[in-house]
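Work through the exercises below with the model open. Try each task before reading its solution.

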Amino acid sequence: MKPLDLFHIPLEGTHLIEASAGTGKTYTIASLYVRLLLQTMLRVREILVVTYTEAATDELKGRIRSKLHDALRCFETGVGTDPFLLELVKRCENPGHAVQRLEYALRRFDESSIFTIHGFCQRVLSELAFESRSLFDHELINDQTELVREVVGDFYRMHFTSSMPPELAHYALRKGYSFSFFLQLYLKASLDVRVIPDTQEPEIHPLLQAYRESFDALRRCWMAAGREVVHLLMNDAGLNRNKYRQGGILRMAEDMDAYIFSGGHALPLFRDFSKFTSSAVRSSVNKGFEPLEHEFFRLCESHRELCEDLTSCMDRILVWLKVQMFRYVRSHLPGKKDALGVVHFDDLLLKVRDCLASDHGSALKENLSERYRAALIDEFQDTDPIQYEIFSTIFSGAPLFLIGDPKQAIYSFRGADIFTYLNAAGEVREDARHTLERNWRSEPGLVEAVNRLFAVKEPFVFKEIPFKPALSGETPSREVLRDAGGAPLTIWYAGEDSHSGLNRRDAEKRISHALAWEISRLLTEADQGNAMLGERPVAPRDVAVIVRENSQGRLVRDVLASCGIPCVISSDENVFDTHEAREMEFLLRAVAQPYSEPFIRTALAGPLFGLDASEIDRLEKDERTFEMWIERFRQYHDIWEHGGFMRMFRKLLTEENVRARLLKLPRGERMLTNFLHLSEVLNQVSMEGKLGMGGLLKWLNQQRDPSMPRSEEHQIRLESDDDAVKVITVHKSKGLEFPIVFCPFLWGASELRDKANIPFHDSTRGYRAFLDLGSDSLEDHRIAAERELLAENMRLVYVALTRARNRCYLVWGKFLQAETSALAYLFERHADGDARTLPNPDGDTVRKRLERLCLEHKGCMTVKDLPREIPSRHVRRGIDASRISCRAFSGFIDKSWGISSFSSMVLGSPHAAGAADRDFLYASPADVHDGEGQGVRDIFRFPRGARAGIMLHAIFESLDFQAGDSDIAELAARMLKLHGFESDWAGVIADMVKKVLSAPLDGTPLSSVRSDAAVRELEFYLPVKRLSKQMLQDIFRGCGSDAVPESFPGMMEDLRFDETTGFLKGFIDLVFRSGGKYYLLDWKSNHLGDGIEHYSRDAMMEAMVKNYYILQYHLYTTALHRYLQSRLKGYSYKRHFGGIIYVFLRGVDPAQGREYGLYHRVPEQEIIAALNERLAQ
């Protein structure tokens, strides 16, 4: 492989360009693009540039366009800063023609062919539909998980049915072969992987028959002689009691009971079953004693052997089922997608490849070769066999540049295949293989340190991936780090106080505090002018912490935040894996079921509402406040039901002041970002899927399942990162660079978690990808797969270390279970080129190796003990911590304007302003009891309190006033069930409803009111210029009405509100029209007594005064009066308003007359006029 010469590389044939980290890969691509334009006379649309993400595509477009602008300027003026362009101008024989070409290219740049691989394939299939034999109207989807779920579900139901032997079904489930297992197995497999072994379905029935006969014999014997067997084992003097302890024998007997009563389905056998076998009993007899003999022991011996044969057969069946699942999905999934008219990104690749390989592929290849005369494939190390087959077929003989770096191939979980790169590299002629050798990113000392670190035999495990030391590029504008606290590569040794090694959890905590201390030190030194980047002090934005896992990122973030160091996380963490997703589910569950007190308490305890433990505890004792919260959640429920999820959530954010509350918290900006992201996703899903409350809750619950595949569009969004430390995963960091980088957690083990389903590449078959689901060579393939995993972990180490421009911190030491890590491999290679040293050296040996390595390369790397100092809270530059004090607010905030309501006026709670005015909100604690379990079942003894009031209101909100008896009975039963009451009350409630409907309201029963003559739950906002207690006193004191007792004006002093302006909000239960008049009706579920006599006019009047209902109906009448004035032509209060009717539901009985349960008044017009006038002043 030779250094790349941008001017002499031929613009024909296939070339491989290896671009190590920081060597200017994008610069090279843009330069080759300019050469292709000027020297091969190609147009912009004829040069195909392919990369692997939308973000990279946008960046390439911008960089190439900028390069064309710079080239045009350079050719026009002869001056510039780009040495490549200046040299290109010198070599050009016709600069004028070059200017014309560049101007034309810039004018037509929107036609440029710069795509992702999937974008390229989609264009091929759509623009060349006839040549590719593809349909026009297929919809492209970016997530096929639900379709795969359906097909896998079909397969699972087809095999795991009642026809499957119960022993096999139970065995499969105990082994974890659930539907979720099969779904995940398919989703994790790479696109074109070959599944092995190719086996026939094993025959199980003969073994099963023998097993069942053996089990029946065992069961009969145990049922007859089980006690005798246990007695023998407990009391035999010759048994070795180290093996047969008495407590253990009792547990064995319990396990045997469970197995017998399972009907033989509980396979595999319980752990100590073998102790019941005759061979185990014989081998456990002390010398000088005769072994125990019993028929049960002999039966257990033969039964165990049968079980071993049966479970071995069932294991083979499960392997066969896994293979069959892949075949089934691969054969049925395309048909399902065709039926739905959809195509997935993966299908684009397969369709283009298959079309090119088909009988009519030559026409497609010819057309594509004419359209695209040259290609530049970026990030080629992340390709796969299908993609390479497409490009190699189309551009056979044409200019094809494959640009990448095998040392940075880290996306195997996305289907990237490093072995495709290696195979392709092997097909390229030696003289067409190039390398970029100068690192323009990092300081020379850091370049040298990385060179020395990887200067070992086979540093990337496979000899086909060599390491060539980079040269340091001269960059005059580079900012040099000046800080005495470390070398360009600083290695922290951890575990000096642990002989056996640190466990992972302790190590991660200790390291997180160490890096917090070091970052705090750097920032403090920067404030004092001792840690400088060029001419400026080091700032938080100059620092990045690169982690392997999201959990490590969260730990680092929390530690940094506790030290006052601003930080943000940029990871591939999914928004559904966050704490906020759980809180969102709690919220939606409470809103969907607003009558469930546990759900509401759980939601209130979360950050959206912010109630602490003491406030939640007080709700148990403060019935009124809790009933108010129930009513608020019911309102959110109604908004969601009638206006959709997003309208409800936006309303909640505003009403509950969520933004301000969250932003006060340490992680408030992150939390708010996650909640808003979740709300957008949920709204989109609910709209596209037309999901109701239950459906959306179910979907959210499924997405929170960790076993569900994660979509890139659901990765958490970055909150504000103006000046903050970046905490980022290795995979996210690729392509980025930072002045100072910490790599604290690169010592994870290289071991497969799933040892039964092994993805690997077969070196004997051209490194073809295979998935071994249980072949005879599974162990050999596991070893090969873990070697591949180690190689990828080495590449992750390389990517992480090369993100740094000035300094990199690396942590290594004595860690438990890190013997197979990439760092263990690397440093053992330094100790012994063939890594023949012990795989688990002691801590002193590890430390000495690091010191020896750093001593050999003194100046560019150093080893230090992991800092143990407790990190102090960092205070930003320019602030004297001793003089920090809270600023005193000297301004004035006008708190008189707001939205008030009758509820807030009576209760004095700011939350009550948004609640509907229900009678149960004002009930005293003595009025609240459940009423259940009493002997008499009548409406007077029906439970009281919030639930009862909400239920009774809900009935009349949804009731058709012309409903028949059966409909009323069905509604009553449904509402009782919905709100958690015993069904025995259905007759009582239905009878009460019928009485209310037939009662004469000012001479007219409700049953005669049509639905188009009634408005339920009429919400109003009444503009208020001024509202005060004194104003209300003055109005009521001068009214002289018998409906307002003399003592009532004085009660205004006890109201709980200050003078206010703004709006008066409320909900009128019912407004209906009858006989040309409009009536205001309010349902009251108050319990006034256990007999009809307690609902007389005098009793109702007492309740009206006590609960301020007199004030309520005057305010509501004023609101309705204004409404009718604006809507009804020729409106007159006397002629059109029929009055207010307060229906005390428990006391209505037409047989007793209108004197009971019905409070009807026409408020004095003078009072309504005075209220209307004074509220507007």
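Three exercises on this predicted model follow.

**Exercise 1. Describe the chain as a whole.**

Step 1. Start with secondary structure: the chain holds 41 helices and 32 strands.
Step 2. Take the extent along the principal axes. The C-alpha atoms fill a box of roughly 110 × 105 × 75 Å.
Step 3. Check burial. Of the 1177 residues, 54% are buried, where buried means under 20% relative accessible area.
Step 4. Turn to the surface: about 52900 Å² is exposed, with 49% of it supplied by carbon and sulfur atoms.
Step 5. Look at contacts between residues at least 6 apart in sequence. In 79% of them, the partners are at least 24 apart.
Step 6. Count charges. There are 151 positive and 168 negative side chains, and the centres of the two sets lie 3 Å apart.

**Exercise 2. Trace the open sheet of 7 strands and find its edges.**

Step 1. Write down the strand order: S1-S10-S2-S9-S8-S3-S4, with parallel pairing.
Step 2. Pick the strands that pair on one side only. These are S1 (2-3) and S4 (113-116).
Step 3. Follow the S1 edge inward. S1 pairs with S10 (residues 433-436) over 2 bridges, in the parallel sense.
Step 4. Name a bridge there: Lys-2 partners His-434 of S10.

**Exercise 3. Dissect the hairpin of S21 and S22.**

Step 1. Establish the pairing. S21 (residues 758-762) runs antiparallel to S22 (residues 768-772), joined by 5 bridges.
Step 2. Locate an opposed pair: Pro-759 faces Leu-771 of S22.
Step 3. Inspect the turn. There are 5 residues between the strands, and Gly-766 has a positive phi of about 65°.
Step 4. Assess cover: 4 of the 5 residues in S21 are buried.

Note on methods. Residues numbered from 1 in each chain as written. Predicted model: local features only at pLDDT ≥ 70, side-chain atom pairs only at ≥ 80, totals over all residues. Heavy atoms only, no water. Pairing = 2+ DSSP bridges. Buried < 20%, exposed > 50% of the residue type's maximum accessible area, 1.4 Å probe, protein only. Contact = heavy atoms within 4.5 Å. Areas by Shrake-Rupley, 256 points an atom, 1.4 Å probe, with all protein chains shown as cover. Lys, Arg positive; Asp, Glu negative; His and termini not counted. Charge placed at Lys NZ, Arg CZ, Asp CG, Glu CD.
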